Amino acid sequence: MRSTMIALTQRSAVKRALSRATKLLMVILLATAGFGQEPALKDAYKDAFLIGASINRAQIYERDARAVGIIRRHFNAVTAENVLKWELVHPAPDRYDFAAADRFVAFGEKYGMTIIGHTLIWHNQTPRWVFEDERGRPVSREVLLERMRDHIHTVVGRYKGRIRGWDVVNEALNEDGTLRQSPWLKIIGEDYIAKAFEFAHEADPGAELYYNDYSLENEAKRRGAIELIRKLKSQGVPITAIGLQEHNRLDWPSIAQVDETIAAFAKLGLKVNVTELDVSVLPWVEPGSDEAKRAASDPRLNPYTKGLPDEVQQRLARRYAELFKIYLKHRDVIDRVSFWNVTDADSWLNDFPARGRTDYPLLFDRAGRPKPAFYAVISVGMNRSAVGSRRAARGDESNRRTVRKTDLKAR
Ligand code: GLA
C-alpha cells in the first residue's frame, strides 16, 4: 500500500515537472518565435537598457493601429515627439492645452511603458510671445525667468511621479561648443540653464533631468558640453543624464567617435541616454540652401524614391549593428536607447534637411515591416544574452547564436 502511494506521488511529481517543463518550453517558443512574429526589440535588450521611440499624435490617439502594434510589441519607453513642446502645450500666455499631452501619458501608462517628457526649454517650437511683451519688445530677465518658472512648474508638476525624466534643456550649444545665442541666453544670461533644472527639480524632485543635444560626437561641441556639465555639476545643479540625440548618417559619426563620446560623458558621473536615434541614408544638403530647395526633384539628392537597393539596406543593417554593439559596450551607463519615430513613413528625415525626400532611417519600413537593420539589431542583442548566459554557465564563449545573414536578406 505504502509503496503504491509512493509510486503514485512520484508519478504525479514527474507529471507536474513535465507539465512545468512543457509550459516553460511553450513560453520560450512563443517568446522567440511568437507564432511567426519576429522577436521583440525590448526583449533582445532586456537587462541592458530600455528601447524607446518617439510617438506622434496618430499613435498617441491610437488612430495608427499598425504603428501602435509595433510600439506595444517592441518598445518599453515612449517620448512625445511634439505634444509636450512649448508651442503645443502652452500656446498663449494664459492658455495651456494638455489634451494631447494627457493622452500621451495615458498611452504610456496603459501599456506599462517608461514615459519621457520632451522638451522644456528650447529655441525652436517655442512661441514668440514667450520672449516679448504686448508691444513686441523683448521682456526683462525677471519676466522671462518668471515665465520659465511658471511653465516648468505647471507642465512638470502636472505629471509629477508619472513622467520618469525630462529633456529640460534642448540644444543649448553651437557647433563650436559655445553657448547658442538663443533668446533664453540673450535675455536671461548663462544661468538660464541652471535655473531651468532647478525649477524642474522643484516641480518634481523624483524626476530624472536631462541635457539633450545633437552632434556631441564632434569634438568641439563635445568639449563645450563637457565644460557646461562640469560647471552645472560644480554648482550642484540636479542633472541626471546627458541625452545624445544620435541623428546619424551612414558615414557619420564614426563608431570610434560614438564610443569616445559615451565614455567622456560617463566619466563626468552622468548616465548617458541615446534619445533620438535614426540613420539617414540620403546625401546631406545644407538646410535652407538652394540645393535643399530642389533636392526632392533631383535624383542625385533623392535617389531612392522607388525603394532602397539591397546594397544600401545591408549597409544600413551593418551600421545599426555597429552602433548597438557600442551601446552594449557601455550598457552600465546607458539607461535607454530611443529611436526618433517608429517607421520610415513617420520620420522627420523625409522633410529634413530638405523637404519631400524619401529616406529610410529606421528599423521598420513604410508598411511597418521589420527591415534587415531590425534583424541586425536583434541579432546583436540576442548574441549578448546567449554569450552572457553561456559564459556564466560554462565559461564557454564559442557557439554563438546568430540571426544568419541569409535570414537578414530573405526578410
Ligand atoms: C530635434 C528635437 C526633436 C525633433 C527633432 C526633429 O532633435 O530635439 O524634438 O524636433 O529635432 O524632429
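A pocket, as the term is used here, is an open set of grid points with protein on both sides within 12 Å along at least five of seven lines. The structure described is a predicted model.

**Pocket and cavity**

The largest pocket has a volume of about 770 Å³. Its lining comprises 36 residues, and those nearest the pocket centre are Tyr214, Gln245, His247, Trp348 and Phe352. Two elements, β7 (247–249) and β8 (271–280), give two or more residues to this lining.

Searching the whole structure yields 1 cavity of 30 Å³ or more. The residues that line the largest cavity are Leu50, Thr114, Ile116, Arg164, Glu208, Tyr210, Asn273, Asp335 and Arg336. At least two lining residues come from each of β3 (114–121), β5 (208–213) and β9 (334–339).

The table sets out volume and lining composition for each space.

| Space | Volume | Nonpolar residues | Polar residues | Charged residues |
|---|---|---|---|---|
| Largest pocket | about 770 Å³ | 12 | 12 | 12 |
| Largest cavity | about 40 Å³ | 3 | 2 | 4 |

**The annotated residue**

An unreviewed UniProt entry lists Glu276 under "active site". In the model, Glu276 belongs to strand β8, one of the elements that give two or more residues to the lining of the largest pocket. Because its relative accessible area is 5%, Glu276 is classed as buried, the cut-off being under 20%. Leaving aside residues up to four places away in sequence, Glu276 touches His118, Asn212, Leu244, Gln245, Glu246, His247, Ser338, Phe339 and Trp340. Among these contacts, Gln245 and His247 are also listed with the residues nearest the centre of the largest pocket.

How values were computed
Residues numbered from 1 in each chain as written. Predicted model: local features only at pLDDT ≥ 70, side-chain atom pairs only at ≥ 80, totals over all residues. Heavy atoms only, no water. 1 Å grid on protein atoms, 1.4 Å probe; cavity = no way out; pocket = protein on both sides within 12 Å on 5 of 7 lines; lining within 4 Å. Points joined across faces, edges and corners; volume = space filled by probe spheres on them. Helix = DSSP H or I, 4+ residues; strand = E, 2+ residues; numbered from the N terminus. Nonpolar A, V, L, I, M, F, W, Y, C, P; charged D, E, K, R; others polar. UniProt positions renumbered as here; feature names shortened; annotations may be inferred. Buried < 20%, exposed > 50% of the residue type's maximum accessible area, 1.4 Å probe, protein only. Contact = heavy atoms within 4.5 Å.
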